[in-house]
Amino acid sequence: MKVYHGSIVEVVHPLVSLGRQNLDFGEGFYVTDMKEQAVRWAERMGRRKLTAPVVSVYDFDLEEAKKICQYLKFEAYDKTWLDFIVGNRKGRNLWKSYDVVEGGVANDNVIDTVEDYMNGRMSAEAALMELSKHQPNNQICILNQSIVDACLQFVESQTV
């Protein structure tokens with residue numbers, strides 16, 4: 001499958017060890033199969049850093065990765081997804097049992113709901129009701145360098 005990584009630099013050789021702490025799906029290398037999503041992220045980073053946004057493109061053999069790794073996929077914004085996101089954002093490292101995690105993004109459309117739930121200002125039921133109004137985007141977090149090395153191949157980068 002074709003996947004994309006939005007940034008301000010070309011990323012030819014991704015390193016999962018450079019992932020930031022307390023992100024939705026853990027400290028890894030994030031890609032998406034939705035080019036528009038990667039472009040939006042790259043443009044946001046470019047505005048922050050006052051530099052050109054770059055989208056790196058890869059071929060990702062997800063089927064092969066699934067054969068050799070612990071894979072978790074969230075199909076919807078549901079209670080399991082919400083608790084996983086919140087747990088990771090609170091530093092509980094729920095991602096450490098997995099090599100690849102895929103599912104919806106806690107983006108600008110849903111982050112306020114996630115934070116309200118996380119901070120006790122909204123019940124799980126109310127948060128899930130609000131989240132049901134949104135169509136999830138998609139992110140794939142590769143948490144294991146051996147999966148990057150075996151299953152992710154750089155194709156090109158594009159300045160956007």
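**View 1. The largest nonpolar core and its best-connected members.** Phe25, Trp81, Leu82 and Val114 touch the most other members among the 23 residues of this core. A nonpolar core here is a set of buried Ala, Val, Leu, Ile, Met, Phe, Trp, Tyr and Cys residues joined through side-chain atoms within 4.5 Å. Helices α3, α4 (111-118) and α5 each give two or more residues to this core, and α3 gives the most, with five. This is a predicted model: local features need pLDDT of at least 70, side-chain atom pairs count only at pLDDT 80 or more, and totals for chains, interfaces and linings use all residues. Residues are numbered from 1 along each chain as its sequence is written, and side-chain values use heavy atoms, with hydrogens and water left out.

**View 2. Where α3 meets α5.** Helix α3 (residues 79-89) packs on helix α5 (residues 124-131) at about 105°, with the axes 10 Å apart. That makes the two roughly perpendicular, a label for angles of 65 to 115 degrees. Lys79, Trp81 and Leu82 from α3 meet Ala124, Ala127, Leu128 and Leu131 from α5; contact means heavy atoms within 4.5 Å. Six of the residues in this contact are nonpolar, none is polar and one is charged.

**View 3. Ser56, tucked into strand β3.** Ser56 sits in β3 (residues 54-60). With 0% relative accessibility, Ser56 counts as buried (under 20% relative accessible area, 1.4 Å probe, protein chains only). Its side chain reaches the backbone nitrogen of Val11 at 3.0 Å. Leaving aside neighbours within four places in sequence, the contacts of Ser56 include Tyr4, His5, Phe154 and Glu156.

Note on methods
Axes are lines fitted to C-alpha atoms, for helices over the stretch in contact, and angles run from 0 to 180 degrees between N-to-C directions. Helices (H or I, at least four residues) and strands (E, at least two) are DSSP runs, numbered from the N terminus. Angles under 35 degrees count as roughly parallel, over 145 as roughly antiparallel, 65 to 115 as roughly perpendicular and the rest as oblique. Ala, Val, Leu, Ile, Met, Phe, Trp, Tyr, Cys and Pro count as nonpolar, Asp, Glu, Lys and Arg as charged, and the others, Gly among them, as polar. Buried means under 20% relative accessible area, exposed over 50%, partly exposed in between (1.4 Å probe, protein chains only). A polar contact is a pair of N or O atoms within 3.5 Å; within protein, one must be able to donate a hydrogen and the other to accept it, and residues adjacent in sequence count only if both atoms are side-chain atoms.
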